Amino acid sequence: MTPAPKGLPVNPMQQIASLDRRRFLRGSALALALPWFESVAAAAPLGGLRPGAAARRRFAAVYFPDGVPMPLAADPAFEEWSWFPHKEGDTYRLTRCLEPLAGLREEMTIFSGLSHPAVRAVHGHSNADQFLTGGQTGATGAYSNSISLDQVFAAAVGDQTRYSSLVLSTDGGTGTPRGAHTLSFDQGGRAIPAAHRPQKIFEALFVAPSGGQGRSLSTSASALDDLLEDARSLRRSLPPGDQAALDEYLDSVRATELKIEKAERWRSVPLPEVERGSMKLEATPEDSRSYLQAMFDLMYLAFRTDSTRTATYQIGRENGIGISDHLAKAVGFPLSHQLSHETKNPDGWKNFGIYCAYLAEEFGRFAEKLRSTPEPGGEGTMLDHTMLLFGSASSAFHLSRNYPLILAGGKAMGLRHGRYVDHAGGEMFGGAWTGGREPWQQEFEREDRPLGELYLAMLHRLGVPAESFAGCDSPLAGV
Amino acid sequence: MVLSVVDLLLSGLLALAASDPTFIPEGEAGTAGEEEGAAAKEDRQAVPAHDFAALKRLGAERSRFLTPGASMPPTEQREPDLEGFQGEIYPILEASCLSCHGPERSRGGVRIDELDPDLVHGEDVDWWLDVQAVLSNGEMPPPEEEGLSGEDRGRVMEWLSREIQVAGSVRKGSSSHSSVRRMTRYEYEYALQDLLGLPFPFADDLPPDPVSRDGFQNSSELLTLTPVQLQAYLRAGRKALLAATVRGEQPTPLSWSISMEMAAGFEFGRQQDRLAQARGNKEQEPEKREEAVARLREQWARRPGGAHYESLRTGAMARQTWHYNAASFAWSPEEGLPDPGRRPAPPHDHVAVIPHRQGLIVEVGNQIPARGPLRVSVLASRARLRTGPAPVLELAFGWQASNDSRSLLSLPTPEHVVEAEPGQPRLYEFEVDMERIYPRNGVRTTAKMGELPNPSEYLKLLNASRDGDALRVHHVEVTANAYRSWPPEAHRLLLPERPRERSERDHARGILADFMTRAWRRPPAGAELERKLRLFDSLRPEAQDLQEALVEVLATVLASPNFLLVGMERQPEAGAGSPDLAARLALFLWSSAPDAELVARAAAGELESDEALAAEVERMLADPRAERFALHFTRQWLNLSLLDYLQVDRHAHPRFDEDLREAMLGEPVAFFAELLEQDLSVLELLHADFTMANERLAEHYGLGGVEGTHFRRVPIEDPALRGGLLTQAGLLAMNSDGRDSHPLKRGVWLLERLLDDPPPPPPPAVPEIDLADPEIAKLTLKERIEDHRDDPACMSCHAKIDPWGIAFEAYDATGQWRSEVEGRPVDATSVLFNGQELDGMVGLKRFLLEHRQDQFVRALVTKLATYALGRELSFEDRSAVDELTAEVRRRGDGLATMVSLIATSELFRYPRGL
């Protein structure tokens with residue numbers, strides 16, 4: 001018998017619904033084109049990017065939880081259901097897990113043997129938080145994180161579009177420390193809440209008047225002019241040796257004015273008109289396939305209308321909880337995470353593999369759409385101008401090493417594809433868990449390459465001349 | 001294996017620089033330092049080893065500041081004596097110094113032949129100060145080189161001292177360093193908290209501030225203003241105003257009235273279920289069933305170690321069960337205030353019992369809003385009649401969303417010592433604004449109760465007493481949206497209601513004038529007010545109502561340089577008094593803006609006289625806001641952030657815990673605050689017969705009779721072990737490597753922070769200690785350091801650092817006293833570069849008290865003045881610091897006296913000259 005919750009909560013979903021739209025949007029997932037990342041932006045002058053549509057570069061990261069099937073070589077399921085392909089290089093052979101991506105073979109590279117060093121010895125359930133950041137998120141106790149890859153890129157290009165970034169997840173919001181519902185973290189390492197309802201995302205992108213969100217009258221032109229006046233009159237009253245601080249202040253106000261002007265111009269630009277087509281905006285994760293397709297379509301539309309240049313989508317949170325765990329229903333299983341636990345059962349690898357193939361299929365559909373759309377006002381296809389990252393922060397059972405990763409698109413940025421790049425040297429930990437010490441608790445002789453090296457290389461291809469990312473200061477060669 | 005221990009040892013030094021002016025040891029100006037040692041030996045026989053009071057008196061007699069005629073007589077000279085240099089001084093330097101510091105070799109990057117001998121107009125003064133220091137300390141020429149005769153040394157010192165004095169007085173007050181800067185993060189937060197009357201975190205969105213090399217965060221050189229910062233300020237100020245104001249109707253209170261009677265009932269019900277289950281287990285033999293039942297009864301008859309329920313009538317007990325998932329322990333709220341009629345009346349039966357250091361979870365679900373006051377009332381008593389220290393009731397807030405995501409933090413509300421006797425429970429109240437609680441459960445508004453991730457949150461009632469009585473809880477009431485008035489006071493303070501007859505514009509004028517006066521630390525000029533009103537006129541049509549327009553205009557008041565920039569000294573308009581001085585005082589002593597009283601006094605010209613100013617300083621130091629001064633100055637001066645980041649090896653020091661870290665951080669701050677409050681001598685910092693401790697720290701020191709988490713004065717029992725900053729556990733621990741002591745870090749810290757004599761940084765190529773060499777591997781750390789020091793490349797610096805640090809060797813990495821290290825007796829004896837022997841900590845303190853009083857007092861004046869001015873000191877400030885030090889010493893070295901003298905000094909009052 002437990003205390004009977006009487007009259008317990010109103011439906012929390014209704015609470016969200018009752019939030020007025022301005023507040024919801026101001027919340028976040030569609031961060032305004034008024035970013036606060038100049039220190040990064042300063043390191044990445046826009047001069048690095050040629051102006052005009054031809055130079056558009058985009059980035060999207062898509063994350064799935066629970067790792068991937070990794071049967072041992074001796075296992076009968078090895079040939080068909082290992083997530084990682086067989087053989088390295090351009091002659092690699094895809095298994096059925098990634099078969100849906102076969103048509104994109106020349107548009108993508110598969111990586112193994114990469115992971116972030118900071119939390120390799122932490123249970124994989126806690127590690128989605130650091131997938132795009134490489135932060136020291138730890139296993140327990142006080143928590144901190146660092147800026148995510150997409151936000152570094154957004155800091156450089158965010159003011160060229162209506163929204164500096166688009167942050168999506170199936171579970172929505174920020175989640176909790178080590179249980180993130182978002183892939184994106186701001187410069188201070190704070191979680192950026194993700195949007196999760198297709199209808200609302202669509203409205204924010206294409207229906208709702210959006211110019212004024214988050215805009216405060218105190219940063220209007222007249223208010224900033226007033227601050228300049230304050231500063232000038234204060235400056236006059238100070239002896240010359242004390243005026244330097246005022247000069248800095250004046251410069252800062254002027255720089256802010258420029259920024260705000262740039263953001264303001266979106267108010268006069270009409271919202272792009274978009275056909276809903278067959279998108280099911282009312283879909284919930286219970287209607288898994290429609291929901292995933294709607295989320296991918298929204299990213300596609302946001303890119304096609306140049307509403308933003310960067311998007312992240314966390315298909316599911318970790319730890320086998322939350323609404324995203326129901327996504328496996330699309331392929332006939334009740335819960336997704338359970339599949340990673342039941343690989344020792346008959347058909348266990350296959351069932352897990354079918355689910356992974358489903359995610360790959362929907363990701364592939366997104367990539368195909370970008371490939372079949374000519375780059376607006378540019379050369380080649382949209383995919384050529386869009387770098388896609390698809391992956392997870394664990395591989396074998398809760399093991400936060402050897403992340404399964406696919407880098408696709410972005411040929412116009414110089415990415416070379418058609419290969420499987422194996423940094424694990426074939427020595428990949430796998431097999432079903434049969435009790436006892438879990439893989440993440442074991443010691444490993446071989447260390448992965450730091451994933452930050454790949455991320456740094458990606459930033460460079462995206463035109464951001466960052467010196468380091470996640471503690472890595474040399475980019476992975478041959479990307 | 002080659003392990004670069006020394007790289008590690010020295011890495012902490014890289015941030016240091018060599019050019020700070022060094023002080024001449026007292027009583028030795030113009031003489032070589034070797035005599036120091038001989039003199040000390042004589043005195044040692046006279047004063048008993050631990051009679052520190054006698055040593056303080058003896059040391060004071062050596063003070064050049066206290067000895068008439070010990071310092072240079074005043075001079076009329078205003079120009080440099082270049083002839084004397086050419087004719088007499090340069091030839092001596094040429095013969096003794098140039099072989100190492102000349103055209104052939106320039107050791108340490110120093111070339112004596114290139115120094116400009118014109119100290120009055122030239123730019124090499126800081127170098128000359130170094131020369132003076134190494135000569136007077138006997139550090140140069142090094143012992144292996146040909147010496148400098150006492151006569152020649154004296155001649156150089158005399159010339160140099162004179163020139164420094166002349167240059168000091170000519171260049172006085174003409175520092176090129178400006179004090180004008182933006183506020184630090186913490187000053188900004190305090191200023192907003194004081195201005196809005198809300199203790200909320202207002203600076204969380206500001207980027208972190210840099211720290212200067214001497215540890216100060218408020219240094220104008222570093223507090224530059226970038227567009228990023230300005231935009232962060234723009235947002236943060238507006239956000240603060242939105243947090244201080246409300247809209248619409250008062251939200252309905254939500255309340256939970258939680259009866260322990262009922263909670264216990266559930267728990268006893270669970271026991272009955274288990275009994276029934278054991279009895280009804282048909283698979284067991286009847287005797288086995290009876291055994292199982294007996295085992296359960298036996299188990300329940302024992303008092304649980306954790307929080308539990310108890311029937312006062314029957315004595316039955318049941319431990320509290322709680323798990324996070326499914327939120328099945330959550331109590332549901334009702335609308336409205338709690339009904340006091342639900343509180344139990346005597347005779348009481350069921351209660352919750354919380355033994356010391358245990359907690360009771362009261363889960364409240366996901367209904368607590370993001371803002372507004374939360375009130376928690378606990379009907380409680382102690383469990384037994386005066387059988388030990390009273391229980392201490394503390395409140396914590398927590399949540400657990402999943403197996404790997406949780407939080408539990410103490411609420412910033414005062415604890416209650418529960419004195420109510422059993423049977424006569426009293427109501428203990430807590431109140432906290434939800435705006436202050438971070439982090440909240442991130443899925444609280446998105447996840448459903450009963451599902452995972454779990455959106456529920458809970459309160460935890462903690463009995464924080466370490467070994468006191470258990471706590472009895474009868475009833476708990478929780479109220480969210482517990483506003484005492486609407487709109488809340490902070491709103492009314494900012495935006496008073498507009499009288500019907502007054503126009504919006506007139507109303508805005510009144511609000512703006514008041515807010516600008518408080519935010520800008522002075523009444524606005526007429527033109528400034530008019531400009532803001534024009535801005536109001538232009539924003540008003542765009543705003544949805546008067547409140548929005550006002551908040552936006554007020555936000556620009558907070559983004560103005562008149563709020564953000566501090567440290568200014570303007571020519572006041574006639575009759576305006578000295579508002580800038582008031583602003584600088586408030587920043588120095590309160591880390592914030594002046595209060596109405598100070599603004600008024602400044603405007604009335606009442607800060608002009610020394611007496612009035614000193615009286616104002618006294619008032620400000622007595623104000624609770626002065627605690628911020630003790631906290632921030634002590635933290636920055638002593639570099640306590642090292643302790644924040646210290647990773648203690650828990651295998652080597654299993655008793656170290658976070659409570660101890662917190663206590664260690666508190667001790668130096670509380671100690672400083674105590675000296676300040678009592679105006680005790682700053683020499684107490686070198687040795688005192690008391691310290692400030694709480695229960696956890698006293699336990700660490702082996703001192704008894706201290707209860708609770710607050711700091712209070714505790715006498716030192718053995719002056720050979722403790723007393724003063726040097727033996728404070730936190731300072732010893734933060735200068736360790738987390739596993740063992742670290743003489744080098746401790747030595748450097750002493751020189752930098754307490755003596756203001758930072759050693760030079762290590763050279764770029766430091767030789768490694770080869771731990772693969774078995775001969776080296778078996779050496780103790782002290783021996784390794786000595787071995788390393790024998791390397792000529794390292795010797796000159798290490799001879800200056802190591803002996804100081806080795807004196808601390810009897811204290812381990814957590815600051816505990818020890819007599820053995822790894823089975824060998826501690827060897828804490830060392831010899832300073834000048835031959836002075838230091839016999840461990842007592843020897844070190846004796847030496848400092850006998851021979852370095854002036855240096856220490858002057859160093860503290862320097863540090864305090866650096867903090868007060870918010871800028872680096874330079875040669876131009878040197879004579880002012882000397883004068884201040886002399887005055888402090890003459891008045892008996894009191895800390896409050898020192899602070900007051902700085903605040904009333906010309907240096908502070910007229911940063912841009914008279």
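Is Arg235(A) buried, partly exposed or exposed? With a relative accessible area of 28%, Arg235(A) is partly exposed. The legends below start from this residue and move on through other parts of the predicted model.

**View 1. Arg235(A) and Asp247(A) form a salt bridge.** The side chains come together with an N to O distance of 2.6 Å. Arg235(A) belongs to helix H7 of chain A and Asp247(A) to helix H8 (residues 244-268) of chain A, so the pair ties together parts that are twelve residues apart in sequence. Like its partner's, the side chain of Asp247(A) can be looked up by accessibility: this residue is partly exposed, at 29%.

**View 2. Arg232(A) and Glu229(A) pair up within one helix.** Here the closest N and O atoms of the salt bridge are 3.1 Å apart. Both residues sit in helix H7 (residues 221-236) of chain A, three residues apart, which is about one turn of the helix. Arg232(A) has a relative accessible area of 32% and is partly exposed. Glu229(A) counts as partly exposed too, at 30%.

**View 3. Chain A meets chain B.** The contact draws 61 residues from chain A and 65 residues from chain B. Together the two chains bury about 5500 Å², with 59% of it on carbon and sulfur atoms. Five salt bridges are counted between chain A and chain B. One pair to look for is Lys532(B) with Asp226(A), whose side chains meet in a salt bridge at 2.1 Å, N to O. There are also 19 residue pairs in polar contact between the chains, both residues being at pLDDT 80 or more. On the side of chain A that touches chain B, at least two residues each come from helix H1 (12-18), helix H3 (38-43), strand S6 (175-176), H7 and H8. H7(A) supplies the largest share of that side, ten residues.

**View 4. Asp882(B) and Arg858(B) form a buried salt bridge.** Their side chains meet at 2.7 Å, N to O. Asp882(B) lies in helix H30 (residues 878-890) of chain B and Arg858(B) in helix H29 (residues 853-869) of chain B, so the pair ties together parts that are 24 residues apart in sequence. Asp882(B) counts as buried because its relative accessibility of 19% falls under the 20% cut-off. Arg858(B) is buried as well, with a relative accessible area of 7%.

**View 5. Charged residues of chain B join in a network of salt bridges.** Its linked residues are Asp595(B), Glu597(B), Arg601(B), Glu606(B), Glu616(B), Arg619(B), Asp623(B) and Arg625(B). For context, the count over all chains comes to 88 salt bridges.

**View 6. The largest nonpolar core has 107 residues.** Phe588(B), Leu589(B), Phe629(B), Trp637(B), Trp804(B), Leu844(B) and Leu864(B) touch the most other members. Helix H21 (residues 658-678) of chain B gives the most to this core, with ten residues. Another core, of 67 residues, lies apart from it and includes Ile260(A), Ile511(B), Ala519(B) and Leu535(B). Back in the largest core, not counting residues up to four places away in sequence, Leu864(B) touches Phe588(B), Phe629(B), Phe633(B), Leu895(B), Met898(B), Val899(B) and Ile902(B).

**View 7. Helix H6 of chain B runs from residue 150 to residue 171.** Its 22 residues reach 31 Å from the first C-alpha to the last, close to the 32 Å expected at 1.5 Å a residue. Just after H6(B), Gly173(B) takes a positive phi of about 75 degrees.

Key:
Residues numbered from 1 in each chain as written. Chains lettered and ligands numbered in written order. Predicted model: local features only at pLDDT ≥ 70, side-chain atom pairs only at ≥ 80, totals over all residues. Heavy atoms only, no water. Core = buried A, V, L, I, M, F, W, Y, C linked by side-chain atoms within 4.5 Å. Buried < 20%, exposed > 50% of the residue type's maximum accessible area, 1.4 Å probe, protein only. Helix = DSSP H or I, 4+ residues; strand = E, 2+ residues; numbered from the N terminus. Contact = heavy atoms within 4.5 Å. Expected span 1.5 Å × (residues − 1). Salt bridge = Lys/Arg side-chain N within 4 Å of Asp/Glu carboxyl O. Buried area = accessible area lost by both parts, 1.4 Å probe. Polar contact = N/O pair within 3.5 Å; in protein donor to acceptor, adjacent residues only side chain to side chain.
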